[in-house]
Amino acid sequence: MVIAFKNETFRDDFTFSNSPAAIRRFPFPFHEDKYMYSVNIEPHVPGPKGSVYEFPIDIDEHYVSEMRDRELVLKADPGRCQALPHMMTAQWDMLELLMTSMARDYPEHFSLTQDGDRWHWINRPLGIDQKFTFGDVKTLPYEPMEYIGRQCQGDFSIQDQRDGQLWMDAGIITTQADWSLDFDIGMNFFEWHGPVPLAHQAGVFDRALKFLLNLQHGRPVRRLNWTMTINPRLDTSPENYHKWGVDRTTVTPENVGDKVHLRVELQGLWRLPRSNTILFSIRCYMIKMRELVTVPKWGRRLPRVLRTLPPELVDYKGLTRYRDTTLEWLSKYDDGAPTTLGCGPD
Amino acid sequence: MTASYLRRVKVAEVERVASRIKRFRLVDVENKPLSEFSGGSHVTVCMRAQDRVIRNPYSLMGCPSDTSSYQISVLKVDNSRGGSQFMHDNVVVGTELEISEPLNLFPPAKLARKHILVAGGIGITPFMSMMSELDALGSDFELHYGVRSAAEGAFCKLLEARYGSRIRLYLQDQDQMVPLERILSNQRLGAHMYVCGPKPMIDWALRTATLAGWPDESIHSEQFNAPPIGKPFVVKLARSRREITVGGHQSILEALEQNGIDAPFLCRGGACGQCETEVSGCDGFIEHNDHYLSEAEKASGRKIMICVSRISGDAVTLDL
């Protein structure tokens with residue numbers, strides 16, 4: 001399958017959009033007409049052909065442009081990519097997982113030749129041809145996590161496991177929904193989830209941590225998370241809040257369809273074998289309201305979800321200023337008809 | 001974990017490495033590479049004995065980066081439930097077994113400045129892969145290894161040849177004891193201790209470290225308990241409204257599996273916590289045999305690890 005990569009931007013003139021095929025495969029996260037936190041973890045097993053779950057690492061039409069945006073973010077703020085010294089084995093684990101997945105599942109675009117620890121990586125869309133020695137950091141232009149992170153869609157953090165806890169000790173984070181690696185690095189599972197409302201009381205994090213500590217190699221799991229973003233901006237980091245926070249005040253009934261985006265994260269959790277660490281992949285998908293309502297089921301369901309969202313979540317997800325305007329616009333697409341269970345289009 | 005998660009392997013080599021210990025080398029039945037693993041990992045080996053299925057956890061001993069084969073060592077235990085006996089008497093070169101993917105409940109602490117490994121007898125096994133890893137990383141470590149006698153100690157010569165003065169052997173039949181108090185009292189900040197061996201030794205090492213003022217975060221141990229033998233009792237399953245009898249030589253988990261009930265598990269040795277189950281009633285007393293539940297949780301009588309714990313009494317009701 002050859003992907004036609006788009007040339008688009010996620011800043012300034014915001015030319016990002018989804019093709020009709022990309023809309024159909026969007027990972028709409030609501031399986032019913034309401035939403036509440038749960039430990040919604042399922043095995044990350046291959047899904048239907050063409051879906052975002054078809055392969056463990058999903059590469060799509062936005063790949064080249066997203067990588068260009070990541071390069072700009074890292075250039076302006078190198079602190080978005082950090083790894084503590086004891087995480088080098090884990091960095092190589094991550095590089096191996098991503099390179100082998102991408103080369104196996106997208107052979108038209110990527111290839112990997114392994115001869116013992118002498119590896120040869122070719123990335124055609126980005127025009128990269130690299131021979132290196134696996135395990136020898138001097139043979140790559142960046143440390144392994146940054147090297148492959150600059151060539152793979154999605155943010156990545158790596159958690160060390162010790163003392164019955166997970167510690168965020170490495171990451172490359174440039175497309176985040178308002179959280180900061182620079183702030184969270186070195187924190188444990190409960191600490192970096194500190195700001196999340198309601199879920200702590202429900203015991204969600206205790207159960208999730210216990211589950212993750214026993215995560216097995218070769219048995220990755222996934223979950224979906226979501227928020228909303230004004231303008232198709234990938235880099236909604238706290239570091240750049242002054243650039244995007246104000247966008248939330250610019251939503252009007254006239255521009256909802258183009259400006260307001262549902263932002264869904266396909267989060268994967270993978271045990272890395274040599275380092276006994278856990279890789280957390282956060283793959284971000286965005287869809288404009290105008291695009292979303294082309295799927296009638298989603299046009300009915302999203303306003304119902306937004307209307308019944310607990311106030312704590314409205315605040316936490318930063319929707320307060322534009323939820324009502326968005327709801328009003330979306331309501332045109334909800335004729336009150338019942339929706340079918342499950343997330344996908346009918 | 002269910003049966004479909006298992007990998008089929010065959011035995012490529014069996015070696016008697018001490019009077020009661022055999023080492024087995026396992027390869028994939030189709031000679032595919034096995035998964036890499038980290039030092040201190042174990043796999044659960046599934047043995048299909050004549051009348052039942054036995055699943056025991058064994059530490060991986062080879063070099064973690066060698067994916068061509070796995071090595072485990074098994075101590076023959078008399079009067080056991082049969083796993084070690086099966087491995088010693090029935091498993092030969094060519095025998096096919098099933099194993100789980102590696103799981104690590106005993107990893108070296110990556111932030112430690114020095115690693116002090118304390119092994120007793122068969123407790124050496126997790127340290128074999130751990131030392132490979134630490135050595136490859138250039139980490140500072142030393143092994144204190146107590147054995148009953150030179151004949152009963154496995155891998156002594158190999159370890160001394162490979163790691164030289166970093167290995168200290170203590171022969172019990174020559175009245176040599178691990179001088180743990182002295183070792184632990186003399187370490188710089190950032191040292192971590194790891195202990196694996198018979199239960200009394202682990203308890204002694206943990207107590208010694210605590211008395212020497214070591215913080216809990218710097219003390220690590222691993223012990224897989226076999227489910228102890230007891231008297232039969234009845235398990236009532238609240239959700240599925242079934243009643244099952246657990247035999248004297250069976251664990252609750254094994255009895256459930258024998259009756260076709262899928263319950264979660266991983267290590268089957270009371271260490272990982274995967275099989276934690278809510279108790280909604282107990283006509284008798286829970287005998288907790290795990291290392292997972294806290295003392296308070298054990299005292300509450302509301303939780304049980306069904307892989308190793310049982311009850312003394314007539315019946316227990318579980319939320320299953």
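This passage walks through a sheet in chain A, the contact between chains A and B, and a β-α-β unit in chain B. The model is predicted, and everything below should be read in that light.

A good place to begin is chain A, where 7 strands form an open sheet. Reading across the sheet, the strand order is S1-S8-S9-S10-S6-S7-S2, and the pairing is antiparallel. The edges are taken by strand S1 (42–43) and strand S2 (81–83) of chain A, each of which pairs on one side only. Within this sheet, strand S6 (residues 155–162) of chain A runs antiparallel to strand S10 (residues 277–288) of chain A, and 5 bridges join the two. A handy landmark for the eye is A:Ser157, which stands opposite A:Phe280 in S10(A). Helix H3 (residues 88–105) of chain A packs on the sheet. This helix touches S2, S6, strand S7 (165–172), strand S9 (260–272) and S10 of chain A, and its direction makes about 115° with that of S9(A).

Turning to the contact between the chains, 18 residues of chain B are in contact with 14 residues of chain A. The side of chain B that touches chain A comprises 9 nonpolar, 5 polar and 4 charged residues.

Chain B also offers a parallel pair: strand S10 (residues 191–196) of chain B is joined by 4 bridges to strand S11 (residues 219–222) of chain B. Here B:Cys196 stands opposite B:Glu222 in S11(B). Together with helix H5 (residues 199–211) of chain B, strands S10(B) and S11(B) make a right-handed β-α-β unit.

Terms used. Residues are numbered from 1 along each chain as its sequence is written. Chains are lettered from A and ligands numbered from 1 in the order in which they are written. This is a predicted model: local features need pLDDT of at least 70, side-chain atom pairs count only at pLDDT 80 or more; totals for chains, interfaces and linings use all residues. Two strands pair if DSSP finds at least two bridges between them. Two residues are in contact if their C-beta atoms, placed from the backbone, lie within 7 Å. Axes are lines fitted to C-alpha atoms, for helices over the stretch in contact, and angles run from 0 to 180 degrees between N-to-C directions. Ala, Val, Leu, Ile, Met, Phe, Trp, Tyr, Cys and Pro count as nonpolar, Asp, Glu, Lys and Arg as charged, and the others, Gly among them, as polar. A crossover is right-handed if, with the strands pointing away from the viewer, the path from the first strand over the helix to the second runs clockwise.
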